[in-house]
Amino acid sequence: MSDRHLTFSGPAARLQYMLLMGLFRLAMTRGLYGRFARGLGRVFGPETAVFLHENGAPPYRIALDDGYWTRFALYRAPYEPEVARVVTAASGASPLFCDLGANKGYWTTRAAPLFEQVIAVEASAATFAELSGNATELPNVTLYRAAIHARSGEEMRFVNTHLSHASARLESDLPAGGQDRIETVGTLAVDDLVPKGAAALIKLDVEGAEIAAVRGAARALADGAVLIYEDHGNDPDCTVSAHLLSDPDMRVYSIETGLIPMTDVATIRACKTDAYKGYNFLAARAGSALLGRIMQGFANSARSG
């Protein structure tokens, strides 16, 4: 059973949270709810926040003007339970969890008690500051402000979208809009983060740069790393999954309702029924010992459930 509770930055935050949850029931679209959250944030000020406590993990701070995290981690809890199942199954089987495109550090803080070492990477300066606030005191967590890509040491232009930090991306993947902010960020390749021989669990959420990131993870994947990646519902070509499946040695699984093998793009496309949703999948090379442990963990969970 999940041990989940909230604390608040003060009485105003508690009131703002109650108003948000009530407004959510009335706001049937993502855009409308986001406007409510930002509007209330202007009334209550930028410092009001909720701290999410789950299963002994460090508290995760959620600003109450944040339409993404208040919607997904608070109202629609639990957040990404399919990822939680993989993280739990891999704990004890790998010493290293990599949270690449870490955003404000939700999975960084969830993984910190379960792995010997956690590496978190975030490109946006503003989002990295909030990631640091959530994780900088954790002794086994190492933080990098960088963009994950095929090679380390390059500089790229990074776009912060004006309405959603969760949609920030490299400018090379999609041009900036008129209200977006652009900053320059250095790149890091996965193979320069993961030590040789370490079979890491890697969560990859890099908004359009996934294929470049996979190319930069060739050695880590050969060493047995397991990748959690997103294939978005608005991509009928399943571009990332198609790239992975083009390698005959790569195995891809859906994790939404268990660990289900995905043998072709058509099967993956059929899983994606909501064009507004990002779907998490798992990929690893055949023979990965970590993949085997995760599969065993899923099987044990199914038997006990």
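**Close-ups of a predicted model**

**View 1. Helices α1 and α3 cross at roughly 85°, with their axes coming within 11 Å.** This is a predicted model, and here we zoom in on α1 (residues 11-26) and α3 (residues 67-75). Angles of 65 to 115 degrees count as roughly perpendicular, so that's how α1 sits relative to α3. On the α1 side, the contact is made by Tyr17, Leu20, Met21, Phe24 and Arg25, and α3 chips in with Thr70, Arg71, Leu74 and Tyr75. Sort the residues of this contact by character and you get six nonpolar, one polar and two charged.

**View 2. Eight strands line up in an open, mixed sheet.** Reading across, the order goes β6-β5-β4-β11-β12-β15-β13-β14. β6 and β14 (260-262) are the edge strands, each pairing on one side only. From one strand to the next, the twist averages 25°.

**View 3. β5 and β6 run parallel, joined by a right-handed crossover.** Five bridges link β5 (residues 117-122) with β6 (residues 141-145). Look for valine 118 opposite valine 141 of β6, and for isoleucine 119, whose bridge partner in β6 is threonine 142. To get from β5 to β6, the chain passes through helix α6 (residues 125-135), giving a right-handed β-α-β crossover.

**View 4. Helices α4 and α6 meet the sheet.** α4 (residues 81-90) lies across β4 (96-100), β11 (201-204), β12 (226-232) and β15 (278-285), and it runs at about 160° to β11. α6, meanwhile, packs against the sheet by touching β5 and β6, with its direction at about 170° to that of β6.

How values were computed: Residues are numbered from 1 along each chain as its sequence is written. This is a predicted model: local features need pLDDT of at least 70, side-chain atom pairs count only at pLDDT 80 or more; totals for chains, interfaces and linings use all residues. Side-chain values use heavy atoms; hydrogens and water are left out. Two strands pair if DSSP finds at least two bridges between them. Helices (H or I, at least four residues) and strands (E, at least two) are DSSP runs, numbered from the N terminus. A crossover is right-handed if, with the strands pointing away from the viewer, the path from the first strand over the helix to the second runs clockwise. Axes are lines fitted to C-alpha atoms, for helices over the stretch in contact, and angles run from 0 to 180 degrees between N-to-C directions. Angles under 35 degrees count as roughly parallel, over 145 as roughly antiparallel, 65 to 115 as roughly perpendicular and the rest as oblique. Contact means heavy atoms within 4.5 Å. Ala, Val, Leu, Ile, Met, Phe, Trp, Tyr, Cys and Pro count as nonpolar, Asp, Glu, Lys and Arg as charged, and the others, Gly among them, as polar.
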